[in-house]
Amino acid sequence: MRSTMQESPLSIARIVRYAATFHSSSETVTWTGESSRRRTYGEVGTRAARLANGLRSLGIQGDQRVGTFMWNNNEHLEAYAAIPSMGAVLHTLNIRLFPEQLIYIANHAEDQAVIVDGSLIPLFAPQLSSMKTVKHIIVSGEGDRSLLGSHAAVHDYEELLAAQSENFDFEAASAGTDEQDAAAICYTSGTTGNPKGVAYSHRSIYLHSMYALTPSAFGISAADKILAIVPMFHAMAWGLPYAAMFSGADMHMPDRFLQPEPLCKFISQEKPTVGGAVPTVWNAMLAYLDAQEPKIRVDSLRDVAIGGSACPRALMTGIEERHGVKLLHAWGMTETSPLGSVARPPAGLSKEESLAYRLTQGLLPCPVEGRITDDNGDVLPNDGKAVGELEVRGPWIAGSYIENPNMPDPDAQKDKFRDGWLRTGDVAMITPDGFITLTDRAKDIIKSGGEWISSVDLENAIMGHPAVAEAAVIGVPDPKWDERPLAAVVPRAGESVSFDELREFLGDKVARWQLPEHWAFIAEVPKTSVGKFDKKVLRKQHADGELEVTTF
Ligand code: AMP
């Protein structure tokens with residue numbers, strides 16, 4: 001028996017239309033360093049229509065790809081609204097990729113036009129002549145346009161919009177769009193091989209937005225103000241932009257002002273309630289906030305998602321106890337839209353038990369199934385003890401990567417998908433009640449004498465020391481044990497600490513045989529384009545003899 005329900009395709013156009021009509025006075029707010037630029041969702045709706053007309057006038061048709069090379073700001077949100085709604089595909093280019101990776105992804109996605117923030121022209125322009133399919137550059141804001149040369153036609157964003165009608169029939173434009181068609185593309189920022197493209201569908205984004213809003217995830221309503229520090233070019237800013245339009249919550253964006261001082265000023269002025277950023281950002285914010293007298297208030301923030309790498313305990317408790325901000329640990333990947341799990345503890349627990357739950361990578365939501373497998377691919381029990389590779393599947397999980405027949409990559413899908421499951425490359429345990437604890441990335445785990453040591457556990461334990469700003473742990477070759485841990489430590493500014501003290505500090509926190517015997521001080525942990533510890537670079541620095549290592 002077929003249901004008697006209406007066919008109602010899930011689409012981005014629907015989300016945008018809803019925001020622009022029923023939440024027309026909700027705001028999108030961009031920080032300028034000292035104050036905010038504001039627009040209403042009503043204006044976003046008409047400006048998205050103008051942008052869609054403008055893109056059509058430049059020849060953008062069907063499912064052609066339009067790139068963005070932008071900070072988090074009002075105009076980027078307009079691109080999020082307009083491009084998928086007109087049936088085209090939004091490709092958010094990661095401004096921090098290496099030049100050759102940037103060229104690769106623009107060519108692989110076959111971007112026809114790119115909207116570029118004026119301030120980012122110097123970063124973008126040198127690659128432009130290698131982006132074979134790009135015919136139009138639309139510059140938003142001030143910048144040296146002469147750097148863009150003559151490879152593509154250059155347009156001014158505001159002039160393009162001003163010349164257009166504010167009516168665009170999004171419904172007609174997306175009539176031929178199936179909900180499984182691509183709406184947006186992100187490429188992984190993986191540190192090995194070519195970046196891999198994930199194409200999100202209208203359906204996956206719609207369902208993912210609904211999950212993001214639930215009380216089990218971020219618990220967002222029209223009464224909220226969302227602060228998206230996580231870049232809109234990294235896994236769609238964790239779904240926050242579409243969740244904002246879906247709910248009518250205000251959207252706050254820091255533009256290029258990502259240092260603790262302007263961020264805290266922005267927060268204390270605009271008083272956002274929820275948001276998201278990676279641990280590196282919160283770490284820097286905590287150090288800054290601790291040093292301020294009188295104290296800067298950031299406690300308008302109720303729940304702030306933290307993820308992308310593990311949230312250290314000292315960070316979660318420090319920012320909550322001293323500054324009243326509750327961090328909400330979440331796990332995900334570009335391939336998972338990205339929300340895979342969020343750590344909301346069950347009811348009836350003591351504070352300490354609750355904290356233990358909050359420090360896991362979180363609970364799998366109903367639509368996302370997870371399992372762990374051993375080296376043979378056999379499924380292990382969800383008993384909270386067995387450790388294996390995490391695999392997930394569900395309506396907003398990638399089932400494959402984008403293939404471009406003109407740029408074949410024989411290894412594109414290799415070892416990444418099994419029987420309809422995405423292999424995450426993360427090593428994890430799952431409890432019987434569905435909470436995931438990541439022990440490491442498969443490639444970062446340290447194999448010592450047949451046993452596994454979690455580099456992440458060691459890092460978090462070391463970063464619990466008050467004189468430590470950051471610490472990264474890698475496995476280094478050992479003739480007896482195969483590998484042993486090397487801890488690379490960044491002391492907090494103005495503090496000093498010895499390796500002996502750190503070893504003693506770890507004494508009651510990790511098993512004796514896991515205690516690192518190799519130690520080095522470094523100025524900074526190398527980071528990837530999205531702010532994660534880049535252990536490949538650290539391993540190379542060690543292999544090249546660039547680290548001054550003390551061995552116990
Ligand atoms: P990306 O696709 O760049 O977002 O990277 C995804 C990877 O980030 C995951 O496979 C994890 O290894 C890591 N990751 C994301 N969230 C967390 C988290 N909460 N704790 C630990 N690692 C995380």
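**Asn404 and its surroundings**

Where is Asn404 found? Asn404 sits in the loop between β19 and β20; helices (H or I, at least four residues) and strands (E, at least two) are DSSP runs, numbered from the N terminus. This is a predicted model, in which local features need pLDDT of at least 70 and side-chain atom pairs count only at pLDDT 80 or more, while totals for chains, interfaces and linings use all residues. Residues are numbered from 1 along each chain as its sequence is written, and side-chain values use heavy atoms, with hydrogens and water left out.

Asn404 counts as buried because its relative accessibility is 6%. For the labels used here, buried means under 20% relative accessible area, exposed over 50%, and partly exposed in between, using a 1.4 Å probe and protein chains only. The Asn404 side chain makes two backbone contacts worth a look. One goes to the backbone oxygen of His108 at 3.0 Å, and a polar atom of that side chain also lies 2.8 Å from the backbone nitrogen of Asn406. A polar contact is a pair of N or O atoms within 3.5 Å; within protein, one must be able to donate a hydrogen and the other to accept it, and residues adjacent in sequence count only if both atoms are side-chain atoms.

**Strand β21 and its partners**

Strand β21 covers residues 421-430, and 9 of its 10 residues are buried. Two strands pair if DSSP finds at least two bridges between them. On that basis, β21 runs antiparallel to β19 (residues 388-393), with 4 bridges joining them, and Glu389 stands opposite Val427 of β21. β21 also pairs with β22 (residues 435-441) in the antiparallel sense, over 5 bridges; here Met429 faces Thr437 of β22. In the β21-β22 hairpin, with 4 residues between the strands, Gly434 has a positive phi near 85 degrees.

The short strand β20 (residues 417-418) is another antiparallel partner of β21, with 2 bridges, and Arg418 has Trp421 of β21 as its bridge partner. The β20-β21 hairpin has 2 residues between the strands. Asp419, in the loop between β20 and β21, has a positive phi of about 50 degrees although it is not a glycine. Asp419 counts as exposed, because its relative accessibility is 65%.

**Around the ligand**

There are 17 residues around the ligand, and Ala330, Thr334, Asp426, Arg441 and Lys532 come nearest; to qualify, a residue needs a heavy atom within 4 Å of the molecule. As for polar contacts, an N or O atom in the Arg441 side chain is 2.9 Å from a ligand oxygen. His234 has a polar side-chain atom 3.2 Å from an oxygen atom of the ligand, and an N or O atom in the His329 side chain is 2.9 Å from a ligand nitrogen.

**Cavities and a pocket**

Rolling a probe the size of a water molecule over the atoms shows where empty space is left. On a 1 Å grid over the protein atoms alone, a cavity is a set of points where a 1.4 Å probe fits but cannot get out, and a pocket is an open set with protein on both sides within 12 Å along at least five of seven lines; lining residues have an atom within 4 Å of a point. Grid points are joined across faces, edges and corners, and a volume is the space filled by probe spheres set on the points.

The structure has 3 cavities of 30 Å³ or more, and the largest has a volume of about 80 Å³. Of the 14 residues lining the largest cavity, Tyr104, His108, Ile402, Asp409 and Ala412 lie nearest its centre. The second largest pocket has a volume of about 780 Å³. Its lining has 32 residues, with Thr280, Val281, Ala284, Glu470 and Lys527 nearest the centre. α11 gives the most to that lining, with 6 residues.

**Backbone oddities**

Two cis peptide bonds are worth checking. The bond from Glu293 to Pro294 is cis, with omega near 0 degrees, and Pro294 lies in the loop between α11 and β13 (303-306). The bond from Ser337 to Pro338 is also cis, with omega near 15 degrees; Pro338 is in the loop between β14 (326-332) and β15 (339-342).

Ala237 has a positive phi near 50 degrees in a residue other than glycine. Ala237 lies in the loop between β10 (225-228) and α9 (240-247), and Ala237 counts as buried because its relative accessible area is 0%.
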